[in-house]
Amino acid sequence: MLSPVAQQVSTPNYPVVTQPENDKTTPKTGGLFADVNGKQQVFPLKHTEVMAKVSGNVSRVEVTQSFTNPFKNPIEAVYVFPLPDDAAVDDMEIKVGDRIIRGLIKKREEAKQIYQQAKAQGKTAGLLEQERDNIFTQSLANIKPGEKIDVTIRYTESLKFTKGDYEFVFPMVVGPRYIPGNTVDSAGNTNLVKDASKITPPTVPTGRSGQDIGVTVELEAGVPISNVRSLSHQIATVKDGRIVRVELAKQNTIPNKDLILRYQVAGNQTQSTVLSSADERGGHFASYLIPAVQYQSNEIVPKDVVFLMDTSGSQSGTPIVQSKELMRRFINGLNPNDTFTIIDFADTAQQLSATPLKNTAQNRQKALNYINRIDANGGTELMNGIQKVLSFPPAPDGRLRSVVLITDGLIGDDNAIIAEVQKNLKPGNRLYSFGVGPSVNRFLVDRIAEEGRGTAKVLGPNEAPQKVVEKFFQEINNPVLTNIEVSWQGTGKAPEIYPLKPPDLFANEPLVLFGRKGDRTKGNLKITGIAAGGKRYEKTLPIEFDGGGNEAIAQLWGRARIKDLMSKMYGSENPNGVKAVTDTALSYRLLSQYTAFVAVTEDVRVDPKDTKKVQVPAETPEGMKPQAQAKLSNTSLAKPAALPAAPPPPPAPSQGSSNQAADPNAVPEPGQILGNLLALVLLLIYLRWMRRKGLKSAASDK
């Protein structure tokens, strides 16, 4: 019987590649070899090297993935990996020997056809695709035996800035997703998540996948940098003139949790920043503005707060401990006139109270007792919790309904959840999201908050909940600027600015805008809004487009436009939206849902009939319990047990059930229940048959 590791990696789509027992001539270089039935299984990704250069508000990142082939046969490696959800991915190349082949940006289907044709011809080819805003697939066909090939991906990203802190994040692992719905094909896709097989790579529940990672971040702010720290990893920091260089410590090279790096800069330069560039496509700009608005505590609007808490199996271990501590501090930090209730969800949604509770000492203790009894188990049926929250009646006049979601977001139906919020969030309600866990689905956490007109925050693995809660209440109690409008003062056609509808701002939060002006004529950006207490706010920023400038700004505008267009299609695609996204991505050389990068060698390098396909497994996120991971990645994708021929032998355990059985307290998800019941019935029939056979045998002996 296969070990749990082998069961995870060996899927119907990606057969296991094994080291032949008599193959003693090929060196075992790169990757980890797992023993499976006396043979060795290869994981071809050896190393990932990340080099990031941060200048002001913008980072330029280069990610190099090194693949190896230690076998006599050529292989095709398929690797599902994360990148930041707002990253503007604009370059890919493969290095084969001394040759570097730059990827071409094509419509996705065209790129896939080019790749498949090259693969069939025996050429070496690379294909980079986007499955979600933060999940990507790298396919590398026809790696020759004993060969190493490097794939380099480049992207630009705008850094987050809050209350004096810049934050650079690099995600390292695609956490196992809970996949709702009924299985519709052998790949494990479901009626609710039609691309489930593309976002659920095999994972290693125990041990290592063999790959490691190195990260170097160079920070240059133009002013002194201080308080450089990581909430997730041990780091080494060196100052070199105006540059601060940060590297991962040697003991932190396992890619099983997101890197979160924060630092501060001296002075007030971050209060108002405008970056621009100009080329044949027009003038592009990015503005970063933190309004200097004062307000009084008596201007705070009373709130009806609904806490929506993820208690599914993926939260087991450290995440549920952090979530419960967050909740305790949330309850004790509410204002006297606020009301609250708690909804916790896994397979089903439960609640502390069907109606908001007044903020009294008795009700706070009731809530704390409720929180203390919570445990993490079951599937991440976020839709249950979201629908329950959205069904609440609107808040009374003079009050604000605030929904606070705490989750890791490890689900496959991200778009459906976002569409539900878009469609059913009531006027006057706001939704805030907190990500908890080592591999948070930031795409979902960020987009839900954006659509809910709130803020998003990811709690670092070693971050103190107290400071996070204090900062949150500063934001939620002090809406700095609402009803924001942006206009252009100048000649020519007004620029195209994203987001089209600027969000409300909270304390210490910047307004970030990306614009494009076709004629490149200068002008002023006028920003108006309503500050706390009904005061009018107005700010004018001069915009100029000199020759050259920061080329990355154009890419960030293209990414912002794609993001806005995609937000209109979370419920369902439409031809006009798909065309607009595709045209923008091709014009700005950007990876998207409908475009892909493809790179192909000119020469035929292998016999394609000998090529084997290998899926690179992902690490188990740090702190995630194996049984929780099994429930996420296996349960919904497991095939139902087949009916055996009579007399029935004992049913073999499925992928999902083998790990599930190891945990006596684990609660099966809905997709497992039918299969488990069937297996139990078959086992009872078998035992009854054996008993009757034994009785007959005993009778004949007499």
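# Exercises on a predicted model

Arg-520 is found in the loop that connects β33 (511–517) and β34 (523–531). The model used in these exercises is predicted.

**Exercise 1.** Describe the backbone and the exposure of Arg-520, then do likewise for Asn-142.

Solution.
- Step 1. Arg-520 is not a glycine, yet its phi is positive, at about 60 degrees.
- Step 2. The relative accessible area of Arg-520 is 41%. Partly exposed covers the range between 20% and 50%, so Arg-520 is partly exposed.
- Step 3. Asn-142, also not a glycine, has a positive phi of about 65 degrees. This residue sits in strand β11 (residues 135–143).
- Step 4. With a relative accessible area of 0%, Asn-142 is buried.

**Exercise 2.** Place Gly-523 in the chain and list what surrounds it.

Solution.
- Step 1. Gly-523 belongs to strand β34.
- Step 2. Its relative accessibility is 13%. The cut-off for buried is under 20%, so Gly-523 counts as buried.
- Step 3. Leaving out residues up to four places away in sequence, Gly-523 touches Trp-488, Gln-489, Gly-490, Leu-541, Pro-542 and Ile-543.
- Step 4. Phe-545 is 22 residues from Gly-523 along the chain, and the C-alpha atoms of the two are separated by 9.4 Å.

**Exercise 3.** Find the cis peptide bond between Tyr-498 and Pro-499 and say where the proline lies.

Solution.
- Step 1. Omega is near 0 degrees for the bond from Tyr-498 to Pro-499, which is cis.
- Step 2. Pro-499 is in the loop between β31 (496–498) and β32 (505–506).

**Exercise 4.** Work out which face of helix α6 is buried and what packs against it.

Solution.
- Step 1. In α6 (residues 382–390), the buried residues are Leu-382, Met-383, Gly-385, Ile-386, Val-389 and Leu-390.
- Step 2. Viewed down the axis of α6, these residues fall within an arc of 165 degrees, so they line one face of the helix.
- Step 3. An α-helix has 3.6 residues a turn, so residues three or four places apart point the same way.
- Step 4. The strands that the buried residues of α6 pack against are β23 (303–310), β24 (339–345), β25 (349–351) and β27 (400–407). The helices are α7 (414–424) and α8 (442–451).

**Exercise 5.** Determine how β28 is enclosed and how it pairs with β27.

Solution.
- Step 1. Of the 8 residues of β28, 8 are buried, so the strand is largely enclosed by the rest of the structure.
- Step 2. Asn-429, Leu-431, Ser-433 and Gly-435 point one way, while Arg-430, Tyr-432, Phe-434 and Val-436 point the other way; all are buried.
- Step 3. β27 and β28 pair in the parallel sense over 7 bridges. One residue pair to look at is Val-403 with its bridge partner Leu-431 in β28.
- Step 4. The loop between β28 (429–436) and α8 holds Ser-439. Ser-439 has 4% relative accessibility and counts as buried.
- Step 5. Residues up to four places away in sequence aside, Ser-439 touches Val-173, Gly-175, Asp-258, Leu-410 and Pro-621.

**Exercise 6.** Identify the edge strands of the sheet β13-β14-β20-β17.

Solution.
- Step 1. This open sheet has 4 strands in the order given, with antiparallel pairing.
- Step 2. β13 (160–162) and β17 (225–230) each have a single partner strand and stand at the edges, so one side of each is left without a neighbour in the sheet.
- Step 3. From one strand to the next, the twist averages 25 degrees.
- Step 4. β13 and β14 (residues 165–170) run antiparallel and are joined by 3 bridges. Phe-161 has Tyr-166 in β14 as its bridge partner.

**Exercise 7.** Set out the overall make-up of the chain and its nonpolar cores.

Solution.
- Step 1. The protein chain has 14 helices and 39 strands. Of its 702 residues, 56% count as buried.
- Step 2. Among contacts between residues at least 6 apart in sequence, 76% join residues at least 24 apart.
- Step 3. The largest nonpolar core has 52 residues, and those that touch the most other members are Phe-67, Leu-83, Val-89, Leu-128, Phe-168, Phe-170 and Val-217.
- Step 4. Apart from that core lies another, of 31 residues, including Leu-352, Tyr-370, Ile-374 and Ile-406.
- Step 5. With residues up to four places away in sequence not counted, the contacts of Phe-67 include Pro-44, Leu-45, Tyr-79, Ile-149 and Val-616.

Conventions: Residues numbered from 1 in each chain as written. Predicted model: local features only at pLDDT ≥ 70, side-chain atom pairs only at ≥ 80, totals over all residues. Heavy atoms only, no water. Helix = DSSP H or I, 4+ residues; strand = E, 2+ residues; numbered from the N terminus. Buried < 20%, exposed > 50% of the residue type's maximum accessible area, 1.4 Å probe, protein only. Contact = heavy atoms within 4.5 Å. Core = buried A, V, L, I, M, F, W, Y, C linked by side-chain atoms within 4.5 Å. Pairing = 2+ DSSP bridges. Axes fitted to C-alpha atoms, helices over the stretch in contact; angles between N-to-C directions. Arc of directions from axis to C-beta.
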